[in-house]
Amino acid sequence: MYQLIKQIIKTGIKTESPPLPDETMRVQSQRLQEEILRVFGSALNIRHVDAGSCNGCELEIHSVNNAYYNIEGLGIKFVASPRHADMLLVTGPVSRHMVTALKRTFDATPEPKLVVAIGDCACDGGIFGESYASCGRVANVIPVDVVVSGCPPTPTAILQGILTAISAQK
Amino acid sequence: MPITHPNLHLTKLAGAIPAWSGEIKPDDLQPICQSVQDGGGRLVALWGSDARELGNGFTLHIALVNETGLICLSVPLPDGQPGYPDVSRIFPVANRMQRAAYDLLGIYAHEGQDHRKWLRHGAWHGGSFPLRKDFDAAQSRIDDADNYPFVQVEGQGVHEIAVGPVHAGIIEPGHFRFSVVGEKTLRLEERFGYTHKGIEKRFESLTVQQAAKLAGRVSGDSTVAYAWAYAMAAESIAAVTPPDRALWLRALFLERERIANHLGDLGYLGNDVALSFGFAQFWILKEQVLRNNAELFGHRYLMDRIIPGGVTMDLAESGKRTLFKECAMLEHEVSVLRGIYEEHAGVQDRFIGAGRIEPKLAARLGLCGLAGRASSQAWDARVQFPCAPYDKLDVQMATYRNGDVAARVIVRFDELFESLRLQREILNNLVDDDKLSVPLEKLPAHGFGVGMVEGWRGEVLVAIHTDADGKLTRVHPHDPSWQNWPVLEHAVVGNIVPDFPLINKSFNLSYSGQDL
């Protein structure tokens, strides 16, 4: 136990300041009222859905939870069920085999809700495109508010996308 | 010759790893597989191809490995009834691969015990096959709900828990069907294919260089391993050898991928036994590795740094100093954290004995990679078939015999330290070269090449077939998760349901890599 406590003290605080919202990431004009966004802004619950990604974007979503980006420190946390969520964070081109699961997850998320598409594949189908097995971008299947490009996007970009979605449009 | 059989004539393939290819008749398939298995060999991959344009019907391809190298057999099958003798009785791991080969190409195993679909859910109808050259996507579309007959467990008090495809954590989608009594797991059955996005079909429309990008996205956490295996296969067909410095840099990238993934997994394994301290600490270290990757090589996960013919990024002297410093820092920090994990009674109590796979079962089921080594399966492509520069590095294989979560943690720690040692060796021996790559834009006609790389999870294989114009006519990427997923079904039997996330994490297998 002594070693563990010593390590915690030695490590100190690594958290860096979060990025500012970026309006260029918004693809759908503000659907939610400012008052609701203010509530989301102080306590947001996110459900992640991998709709067919290569697992690259997932690595960076994990990173958003590390001590440097410390998303929980901003009052934002990942939850285990869409029933508890305010926002869906969706990765991947949507594979045809995930269409039903993605739509059901969207329907199971209570209103008001937001959708952020993470990664090049989620934005425009990426290298996988549209095919017999892939529906391409997330917006082809469910409505999307904000897109974050990158392969995979950096944790800062992901954080910025989430913060843009919950900030009021200027 | 790696194996001898009266009807088998093998040809040595050019390239970085010892590999042979040969054509056999369907009747010789089982005896040859049996003799490889009797000699301690394994089945690595099984796939099919459509050769009807050449008037050759279909072809079954099978990659076997023994201590001498890879043996790639092709079995021509008639157009009308493309059946072949079942090999899943000899190599149980072939079961899902045979079913996937049927879903995608319509070739099937005679007397196979399991004829259920595997990769197909409801996106295309059962009589159409996406990897056939005359596949019509629009005509084959249906939007039926998936209907899959799980094996039912009966008995008093037995009930099922269905989990997924959307999981509670930040992970890829797949379905797990548990049959339980109280908290105890009687049976687990996996159902995958949710992330099937047509990767193999997509390969066929890309040039050799474009396809390298796709290969690096078969499974994002193993992008270096896939990109290298793909490049190795292309270089094998073209009989091209990249510059020495490029090969050393590839090994540096591969070890850095192993370091980053092992750090991440060790953090999550702590998290899954309620030691969130472990997650916080290991992910600080992982982040530092990723930031150094971004600074020195321009990408946190080193995507697209390996191309057929060489690499795209060099390492400057100042970069070497950064990496030496990182090595020293990681060696110290990981030693401290290992001590904390080992002395933490709560952690060890959860790790020890959970999800145990005995060496005998591991051998029977073909468990490979890091999970295999934790169950005494001493296979590591860097050791058995050391391609340059591993032939100069003398990799020390980490093995353990207990086969439980604790063993897989120990192997991860051992491999992490070994990768740090290798990284230092690579930095010390990095040879100078004027060039980082040799041009490789076009492949010869009717070529076949194969590459195999020991990724952090296990052996990644990529096979490439070219057509009469030298274009990619069939590319098959193979993930070690094909081997290891079925073993997870055994690992959880008798364990309580709440230990499943921990056991699953200790394997950390890829969905995308096997769903393709």
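**Strands, helices and the contact between chains A and B**

In strand S4(A), A:Ile118 serves as the bridge partner of A:Thr91. This pair offers a convenient way into the structure, which is a predicted model. The pair belongs to a parallel arrangement in which S3(A) and S4(A), the latter spanning residues 114-118, are linked over five bridges. S3(A) also has a partner in strand S1 (residues 44-50) of chain A, to which five bridges join it, again in the parallel sense. Within that pairing, A:Arg47 is matched with A:Leu88 in S3(A).

Strand S3(A) covers residues 87-91, and five of its five residues are buried, so the strand is largely enclosed by the rest of the structure. Its side chains are divided between two directions: A:Met87, A:Leu89 and A:Thr91 point one way, while A:Leu88 and A:Val90 point the other way, and all are buried. Together with helix H4 (residues 99-108) of chain A, S3(A) and S4(A) make a right-handed β-α-β unit. Elsewhere in the chain, H1(A) is hardly covered, since the count of buried residues among its 10 residues is zero. Just after this helix, A:Gly12 adopts a positive phi of about 70 degrees.

Several of these elements return at the contact between the chains. There, 40 residues of chain A meet 42 residues of chain B. On the side of chain A that touches chain B, helix H1 (2-11), S1, helix H3 (56-64) and H4 each supply at least two residues. H3(A) gives the most, with six residues. By type, the residues on this side of chain A comprise 19 nonpolar, 17 polar and four charged.

Turning to chain B, an open sheet of five strands follows the order S1-S2-S5-S4-S3 and has mixed pairing. Strand S1 (11-12) and strand S3 (42-50) of chain B stand at the edges, each with a single partner strand, so one side of each has no neighbour in the sheet. Inside the sheet, strand S4 (residues 58-66) and strand S5 (residues 69-77) of chain B pair in the antiparallel sense over nine bridges, with B:Leu64 standing opposite B:Ile71 in S5(B). Helix H1 (residues 26-38) of chain B packs on the sheet and touches S4 and S5 of chain B, its direction making about 160 degrees with that of S5(B). Helix H2 (residues 94-105) of chain B, in turn, lies across S3 and S4 of chain B and runs at about 10 degrees to S3(B).

A pair of helices comes further along chain B. Helix H6(B) has 16 residues and reaches 22 Å from its first C-alpha to its last, close to the 22 Å expected at 1.5 Å a residue. This helix is mostly covered, with 16 of its 16 residues buried. After H6(B) comes B:Ala239, with a positive phi near 50 degrees. Helix H6 (residues 223-238) and helix H7 (residues 244-271) of chain B pack at an angle of about 150 degrees, and their axes are 8 Å apart. At their contact, B:Val224, B:Ala225 and B:Trp228 from H6(B) meet B:Arg250, B:Phe253, B:Leu254 and B:Glu257 from H7(B). Five of the residues in this contact are nonpolar, none are polar and two are charged.

Chain B also holds an open sheet of three strands in the order S13-S14-S15, with antiparallel pairing. Its edge strands are S13 (448-454) and S15 (472-478) of chain B, each of which pairs on one side only. From one strand to the next, the twist averages 10 degrees.

Between these edges, S14(B) is mostly covered: eight of its eight residues are buried. B:Glu459, B:Leu461, B:Ala463 and B:His465 point one way from the strand, and B:Val460, B:Val462, B:Ile464 and B:Thr466 point the other way, all of them buried. Seven bridges connect S13(B) and S14(B) in the antiparallel sense, and B:Gly451 is paired with B:Val462 in S14(B). The two strands form a hairpin with four residues between them, and B:Gly458 in the turn has a positive phi of about 160 degrees. On the other pairing, strand S14 (residues 459-466) of chain B joins S15(B) over six antiparallel bridges. The bridge partner of B:Ala463 in S15(B) is B:His476, and that of B:Thr466 is B:Leu472. The hairpin of S14(B) and S15(B) has five residues between its strands, and B:Gly470 takes a positive phi near 80 degrees there.

Conventions
Residues are numbered from 1 along each chain as its sequence is written. Chains are lettered from A and ligands numbered from 1 in the order in which they are written. A residue is buried if 20 or more other C-beta atoms lie within 10 Å of its own, exposed if 12 or fewer, and partly exposed in between; C-beta atoms are placed from the backbone. Two strands pair if DSSP finds at least two bridges between them. A crossover is right-handed if, with the strands pointing away from the viewer, the path from the first strand over the helix to the second runs clockwise. Axes are lines fitted to C-alpha atoms, for helices over the stretch in contact, and angles run from 0 to 180 degrees between N-to-C directions. Two residues are in contact if their C-beta atoms, placed from the backbone, lie within 7 Å. Ala, Val, Leu, Ile, Met, Phe, Trp, Tyr, Cys and Pro count as nonpolar, Asp, Glu, Lys and Arg as charged, and the others, Gly among them, as polar. The expected span of a helix is 1.5 Å times one less than its number of residues.
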